[in-house]
Amino acid sequence: MPPVHSSPYFQMDNQAILSLLRHTASEKRSKSSSGGLLKMFKLFPMLTSGCKMVALLGRPRKPLLKDHATTGTIFGYRKGRVSLAIQEDPHCVPMFVIELPMHSSLFHKELASDIVRIALESETKTHKKKLLEEFVWAVYCNGRKVGYCIRRKQMSDDELHVMQLLRGVSMGAGVLPCPNNEKESADGELTYIRARFERVVGSKDSEALYMINPDGAAGPELSIFFARAR
């Protein structure tokens, strides 16, 4: 892993994100793991039929894992953009839902790297709202600015469909049934990755989510940062 000071995030000039980034840089990363959700995510053609079982097996009444980890889900149609949903647990209504300015093809390409970092920066400098209640966000993926997006006040029908299918699912990756066949043929398959995250609050202006790797690897492979511009 390159030194923090060579990271493209230094182009953002946001000390809150840089501080959280140092948190990950100070931990030793293992690249020899043979498992991990991101590796599962690369096997979509093999997982398609199995992951559609999510809808057929029914929804467990209780989460499979009882702890205080935050649940994060990234999902979208292959020919569309990906959305990000954050929940206190898989049974709760998402506290944060946003459609990222990234096409699924770009996100899948980033998954080929060993580490995926997504940073959302709010340019609002007032403190009338909690950080995750801000609406407009600049989005960076692995150090590159990919555009702007607006937090959802209400979930779309497709987003609600995904949350209902995955209710009670703590982690996984693959392909979900589409609401209708016409939608699937036009936009491609509906893919998702869901993981448990350690939530770290740096200050009232910054926090981060670090993926908890299910296979015991040395560190999270996917990190999501939130910060207000200063």
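In which strand does Val136 lie? In this predicted model, Val136 belongs to strand β5. The residue is partly exposed, at a relative accessible area of 44%. Together with Tyr148 and Ile150, Val136 makes a nonpolar surface patch of about 300 Å². Strand β5, which spans residues 136-141, is also among the elements that give two or more residues to the largest nonpolar core.

The chain as a whole is considered next. Its secondary structure comprises seven helices and ten strands. Of the 230 residues, 50% are buried. The exposed area of the chain is about 11,600 Å², and carbon and sulfur atoms account for 53% of that area. When contacts between residues at least 6 apart in sequence are considered, 62% of them join residues at least 24 apart.

In soluble globular proteins, nonpolar side chains tend to be buried together. In the present model, the largest nonpolar core contains 28 residues. The residues with the most contacts inside this core are Leu84, Phe96, Leu100, Phe107, Ile118, Leu120 and Phe226. Two or more core residues are given by each of β2 (81-87), β3 (96-103), β4 (116-122), β5 (136-141), β8 (190-203), β9 (206-211) and β10 (222-228). Strand β3 provides the largest share, four residues. Another core, of 13 residues, lies apart from this one and includes Tyr77, Met163, Leu166 and Leu190.

Charged side chains form a further set of interactions. Side chains of opposite charge can pair when their charged atoms come close. Seven salt bridges are found in the structure. One of them joins the side chains of Arg144 and Glu110, with an N to O distance of 2.1 Å. This pair links distant parts of the chain, 34 residues apart: Arg144 is in strand β6 (residues 144-150), whereas Glu110 is in helix α5 (residues 104-110). Arg144 counts as partly exposed because its relative accessibility is 45%, while Glu110, at 9%, counts as buried.

A salt bridge also connects the side chains of Arg152 and Glu159, at 3.0 Å from N to O. Arg152 has a relative accessible area of 30% and is therefore partly exposed. Glu159 is buried, with a relative accessibility of 2%. In addition, Glu88, Arg199 and Glu207 are linked in a network of salt bridges.

Arg228 takes part in a salt bridge with Asp205, in which the closest N and O atoms are 2.9 Å apart. Here too the pair links distant parts of the chain: Arg228 lies in strand β10 and Asp205 in the loop between β8 and β9, 23 residues apart. Both partners, Arg228 and Asp205, are buried.

The side chain of Arg228 also makes a polar contact, at 3.0 Å, with the side chain of Glu134. Glu134 is located in the loop between β4 and β5. The relative accessible area of Glu134 is 3%, so the residue is buried. Leaving aside residues up to four places away in sequence, Glu134 touches Ser122, Thr124, Thr126, Lys129, Arg151 and Arg228.

Two further positions concern backbone features. Most residues other than glycine have a negative phi. Asn142 is not a glycine, yet its phi is positive, at about 50°. Asn142 is found in the loop between β5 and β6. With a relative accessible area of 17%, Asn142 is buried, because the cut-off for burial is under 20%.

Gly172 lies in strand β7, which covers residues 172-176. The relative accessible area of Gly172 is 9%, and the residue is therefore buried. A distance of 9.7 Å separates the C-alpha atom of Gly172 from that of Arg196, 24 residues apart along the chain.

Conventions: Residues are numbered from 1 along each chain as its sequence is written. This is a predicted model: local features need pLDDT of at least 70, side-chain atom pairs count only at pLDDT 80 or more; totals for chains, interfaces and linings use all residues. Side-chain values use heavy atoms; hydrogens and water are left out. A nonpolar core is a set of buried Ala, Val, Leu, Ile, Met, Phe, Trp, Tyr and Cys residues joined through side-chain atoms within 4.5 Å. Buried means under 20% relative accessible area, exposed over 50%, partly exposed in between (1.4 Å probe, protein chains only). Patches are made of residues with over 30% relative accessible area and no salt bridge: like charges are joined within 9 Å, nonpolar side chains (Val, Leu, Ile, Met, Phe, Trp, Tyr) within 5 Å. Accessible areas come from the Shrake-Rupley method with a 1.4 Å probe; for residues, only the protein chains shown count as cover. A salt bridge is a side-chain nitrogen of Lys or Arg within 4 Å of a carboxyl oxygen of Asp or Glu. A polar contact is a pair of N or O atoms within 3.5 Å; within protein, one must be able to donate a hydrogen and the other to accept it, and residues adjacent in sequence count only if both atoms are side-chain atoms. Contact means heavy atoms within 4.5 Å.
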